[in-house]
Amino acid sequence: MATTPITIGEEKQGFLPWLWKWLTTVDHKKIGILYLCGAGLFFLVGGIEALLIRIQLSVPQNDLLVGSTYNQVMTMHGTTMIFLAAMPAIFALLNAVVPLQIGARDVAFPFLNALGFWLFFLGGLILNASWFLGGAPDGGWTAYAPLSTEFLGSGMDFYILGLQVAGAGTLMGGINFLVTIINMRAPGMTFMRMPLFTWTALITSALILFAFPALTVGLFFELFDKIFGANFFNAANGGNGVIWEHIFWIFGHPEVYILILPAFGVISEVIPTFAKKRLFGYTSMVFATVLIGFLAFMVWVHHMFTVGLGPMANSLFAIATMAIAIPTGMKIFNWIFTMWGGQVHYTTANLFAVGFIPTFVLGGVTGVMLAVPAADFQYHDSYFVVAHFHYVIVGGVVFGLLSGLFYWWPKMTGKFLNERLGKVTFWFFFFGFHVTFFPQHFLGLMGMPRRYFTYLSGDGLTTGNLISSIGAVGMAVAVICLVINVVMTTANGKKAKGDAWEFGRTLEWSLPSPAPEYNFAQIPLVKGIDPFWKAKMEGSSKVMPAEPLGDIHMPSPSILPFLMSLALTIVSFGFIYADKMGTALNKGSLFFAGMGVALLFLMMLIHSLKDDHGIHIHKQEIIDTERVIE
Amino acid sequence: MKKKWQHVVHFLPLVVLTALLSACGKEGVSALEPMGDEAHEEAKLMILSIAIMVIVVMIVGMMFAYVVIKFRKRRNQEEYIPRQVEGSVVLEVIWTVIPIILLAILAVPTVAKTFSISDTTSKDVTKDALVINVTANQFWWEFEYPDQKIVTGEEVVIPKKRDVIFNLTSKDTTHAFWVPALGGKVDVNPGQTTKLKLEADKEGMYSGRCAELCGASHALMYFNVKAVSKTDFKTWVSDMKAGPSDPTNVSAKQGQGLFKNNCMSCHAVGNKDAGIAPNLTNFADRQTIAGFLDHNKKNLEKWVWNPQAEKPGATMPRRGMNANLSKGQIKQIADYLFTLSVTQ
Amino acid sequence: MSNAYELSIEKLPNPEKATLEGKNKFLGFWFFLGGETVLFGTLFATFLALRDKVGNGPAGHELFSITTTFISTMILLFSSLTSVFAILALKDYRLRMMQFWFWVTILLGLCFLSLEIYEFFNYVKEGLGYKTSAFSSSFYTLVGTHGSHVFFGILWISTLMIASYKKGITTVTAPKYYIAALYWHFIDVVWVFIFTVVYLLGILGG
């Protein structure tokens, strides 16, 4: 059984060659690990920000974090968790799993894949650099205008540029997976034989493609208003902050479906595997996923019910919002019926998947409650909304991602995460989560608005806030256990074989753990849903190949993605420091930004002109590698 | 056993929810203790939606609890492979149609109430309503009564059992106007006017707050709604028009002089509205200072000494603490401000 | 994956789609254009919302000239036609012909840009600065974004053409020429919308 990643040819020892390998990789499996590291780091940062918030709010009129300082911590908590933790964790799983699930050797655009990662990572660094360079953004993760463009400080420039850079990376990732899934499936894998996780990856990628450009434009508008004196959101000169709200939420609502659909995909893989039973209602599940993706673009105004757009607009969007509950509910039933009649194994991955179901249902029903505009006039911008979105994002997305993490960790690294510690993590996280967020529904209904750094002691909000803060400690303990688990496992975890969990159904489990550089020695021939399970039930330990053994051509590594991201970082800092808050522009800084653009164009030129002949893996090398694995 | 725990934990929130929803939160603050027409309507919708959702959660919860316990792997069953079931068209239809029906039941009153609560312009609503123009600023509220021709700040007085239509706009960034005990909120945008209709059933104090992030002191931008009887309201209006009487006390007299020289360029006393800072005509009758501080001389002196220490980002210039007024002078101003009552 | 160089010697039909990489670039670029459509859609929607907010500055109908706009449109439409000729030549492996038509396309693109820069200079002189009003900001941002796309397209096609003297037409280079032409068509389509929504609506709608 292979214990180290299979590499072809000579590998130099030493720290610098190791660093170079990771800086220049275009291999989707390594990029998946890079995304996981980045996501993990930022998840810890966002978690500390959350703890600070809960400590501040544990007693009324506390003075740990007040005013703008609190607003910075609150803004960065939301922005970091959504853009720098959840989304990259999703890309980690997409990269690690999708090419293997469809029987491909890599994604469609390996170079772009690497570029997407480095843009995310450097965008995250730009955003967090603000802490040390004059203050973090403090306009909330939604950065409403004109607050963000006229009334806040330099922190908002970091928000605008950091997200612009990170967002560019995400867009590239979306296009990459769309083309990969459409063009590079193994022979015999029709769309209706794809695993559900791949289906959700496909729809998520389509959502990314059509949602992120709106954010790109909105961020440019805020940049232009703030630095160049444009009037998009300046009421005095005819502009209108409501335009920002429309643009942001036309992006923002699909964004939350971008977050949840991959989690749905994970649940659709984990529950069947650990029930030893195929997914119930595959066709309906696919249909529901597509419908949710479509409806995601039709509901954005439900974030704006109190703007005063009028009862007609509000009612139309209310109905559309309620409609999304139908395909979502359908999925819950299909998961329950997958377990019905099965043999359910409660591994940590499955605990998170099963724990997801009631938690997400609670989040979903408060969503339907929020869809009623007249009632939303009370709920909007109160802790009721905070409770709702934490139920669906933490109870939905994070539970799903943690399930996927424990499930696919052996495939990515060749080792199992410790199950006992995993279960401790689960129970602390599950209970801690409910204790933290359930009281917040009541806090909102009792009159506590969101984004408040404190509350009055006479308002009856004290007990609820204290309970909520206690719950956060439970979640912190869970995360600490997880970190210990990762460190312990990396040092000497239990080794995993190809079919790590014994009942693997999809193609990735037919490969060694971790998979060799070229993934499949021979591209498999797919004859149905759950092709690996099918092969095992028919008595074989491998899936039939679709091609003879032959030489394999893999793309070359490149330092350009990392350098291009550095160039864009230079551009970003150029714009950030051009903003002198209302006085004349810093022209020198703009020139610096221009240099960054020139550098970027130069590297694009090099990439265009240089021919990549790739790496050639000879047939004999493949035979030798496969023999070692056996 | 962990599966039974999950079962219990799953139902616990429901029990808690139902029990607590019956009466919760501080009266005058909480939306769960509705005290106005709009709040009542909204609470009814909340209860309807919760009832429907509880049905859904119970059904799903029971199925979930059953499956999670009944089909868990038991010992010595390693070789068993369950029957692989593709799906069931009948079930798919059932769990699509029933939710559609439940949502339809919710949708009808949703649309009806959304239209009726949002109506601030039809003749039926406007003919007997009191109109108040509200201007939101960082971080305080100004209230102007166009028909009565008076202006006040931070505390708005309304007659009970009469519709009040608020016309809202902002001087700077987007805020939101929310009095949870009386009804829902509306955003307050610069360069536009939004409208909100509220009504109070009884006399009393209702707490209002800003509900859209507007800067450093978004959390301290409270205001109060004071509902009084019809006759008391009439009296109050004429008292406000008459204004407070001049102070008799020596210290307050000194304070009045200091006030004229240091504060009057922004703060008006009387009908004339400067609009840059809260109108202080009936300051002594209010419940709070700067919207949230307890209403006493000590707090007022602290506020005038250094407003930014109490309310980060406050735009009121600092007059104490190394500026031009001494503690003694601020005390005199406080004495004066505490004579500004119209109800004597 | 097979060796693209060996295949190119055989002159396969439709060289731009003959390999998996070519097919991927083709599909990927169509998707990218889908995203760009949303990008321009957002810019258009904002422009439409703010087009009446002229503040103290001039309005569109006071500045726009139907003649200049017509000439710009014709230049860009014609440049799209020449890029079609270039692709026809590509499919026939006629390198010199393809280069010729792409160079004409670039030249026309440069004419379009010069005209637009001249137009913007005049507007600024007439009092329509970037900061003048909400209308001005959204006008310059929408039309300027289109102009920067034209500029980038010129740089891109020029680079490809200069390299083409050495690299020729192969199954590796053909997809690159193809998607560059696709990009050029896209910005032409966007211009048709700008012409209609910004200039015509501005001049006629008054």
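Two residues are in contact if their C-beta atoms, placed from the backbone, lie within 7 Å. Keep that cut-off handy for the exercises below.

This is a predicted model, where local features need pLDDT of at least 70, side-chain atom pairs count only at pLDDT 80 or more, and totals for chains, interfaces and linings use all residues. Residues are numbered from 1 along each chain as its sequence is written, while chains are lettered from A and ligands numbered from 1 in the order in which they are written.

**Exercise 1. Work out which chains touch, and which pair shares the most contacts.**

Step 1. Two pairs of chains are in contact, and of these chains A and B share the most contacts.

Step 2. Now the pair that is missing: chain B and chain C do not touch, with 12 Å between their nearest C-alpha atoms.

**Exercise 2. Describe the side of chain B that touches chain A.**

Step 1. Start with the counts: 81 residues of chain B meet 78 residues of chain A.

Step 2. Next, assign them to helices and strands (DSSP runs, H or I of at least four residues for helices and E of at least two for strands, numbered from the N terminus). In chain B, α1 (2–21), α2, α3, β6 (175–178), β7 (186–188) and β9 (204–210) each supply at least two residues of this side. The most comes from α3(B), with 16 residues.

Step 3. Sort by class, where Ala, Val, Leu, Ile, Met, Phe, Trp, Tyr, Cys and Pro count as nonpolar, Asp, Glu, Lys and Arg as charged, and the others, Gly among them, as polar. On the chain B side that gives 45 nonpolar, 23 polar and 13 charged residues.

**Exercise 3. Check the length of α3(B) and find what covers its buried residues.**

Step 1. Helix α3 of chain B runs over residues 89–118, which is 30 residues. The expected span is 1.5 Å times one less than the number of residues. That rule gives 44 Å, and the end C-alpha atoms are 42 Å apart, which agrees.

Step 2. Apply the burial test: a residue is buried if 20 or more other C-beta atoms lie within 10 Å of its own, exposed if 12 or fewer, and partly exposed in between, with C-beta atoms placed from the backbone. The buried residues of α3(B) include B:Trp95, B:Leu106, B:Val111 and B:Ile117, and also B:Glu92 and B:Lys113.

Step 3. Look at the cover. It includes α9 (282–295), α10 (311–339) and α12 (373–379) of chain A, together with α2 (37–70) of chain B.

**Exercise 4. Do the same for the side of chain A that touches chain C.**

Step 1. Here 29 residues of chain A meet 29 residues of chain C.

Step 2. In chain A, α6 (155–183), α7 (196–228), α8 (241–275) and α18 (587–609) each supply at least two residues. The top contributor is α7(A), with eight residues.

Step 3. By class, the chain A side has 20 nonpolar, nine polar and no charged residues.

**Exercise 5. Judge the overall form of chains A and B, then sketch chain C.**

Step 1. Chain A has 19 helices and four strands. Its radius of gyration, taken over C-alpha atoms, is set against the globule rule, 2.2 Å times the number of residues to the power 0.38. For the 630 residues of chain A the radius is 25 Å, close to the 25 Å from the rule, so chain A is as compact as a globular protein of that length. Buried residues make up 66% of chain A.

Step 2. Chain B has nine helices and 12 strands. Its radius of gyration is 28 Å, well over the 20 Å that the rule gives for 344 residues, so chain B is more spread out than a compact globule. Its C-alpha atoms fill a box of roughly 95 × 50 × 35 Å along the principal axes, and 42% of its residues are buried.

Step 3. Chain C has seven helices and zero strands. Its C-alpha box is roughly 65 × 30 × 25 Å along the principal axes, and 40% of its 206 residues are buried.

**Exercise 6. Find the residues that touch the most other members of the largest nonpolar core.**

Step 1. A nonpolar core is a set of buried Ala, Val, Leu, Ile, Met, Phe, Trp, Tyr and Cys residues joined through C-beta atoms within 7 Å.

Step 2. The largest such core has 354 residues, and those touching the most other members include A:Ile267, A:Phe352, B:Phe177 and C:Leu90.

Step 3. Leaving out residues up to four places away in sequence, A:Ile267 touches A:Trp335, A:Ala353, A:Phe356, A:Gly400 and A:Ser403.
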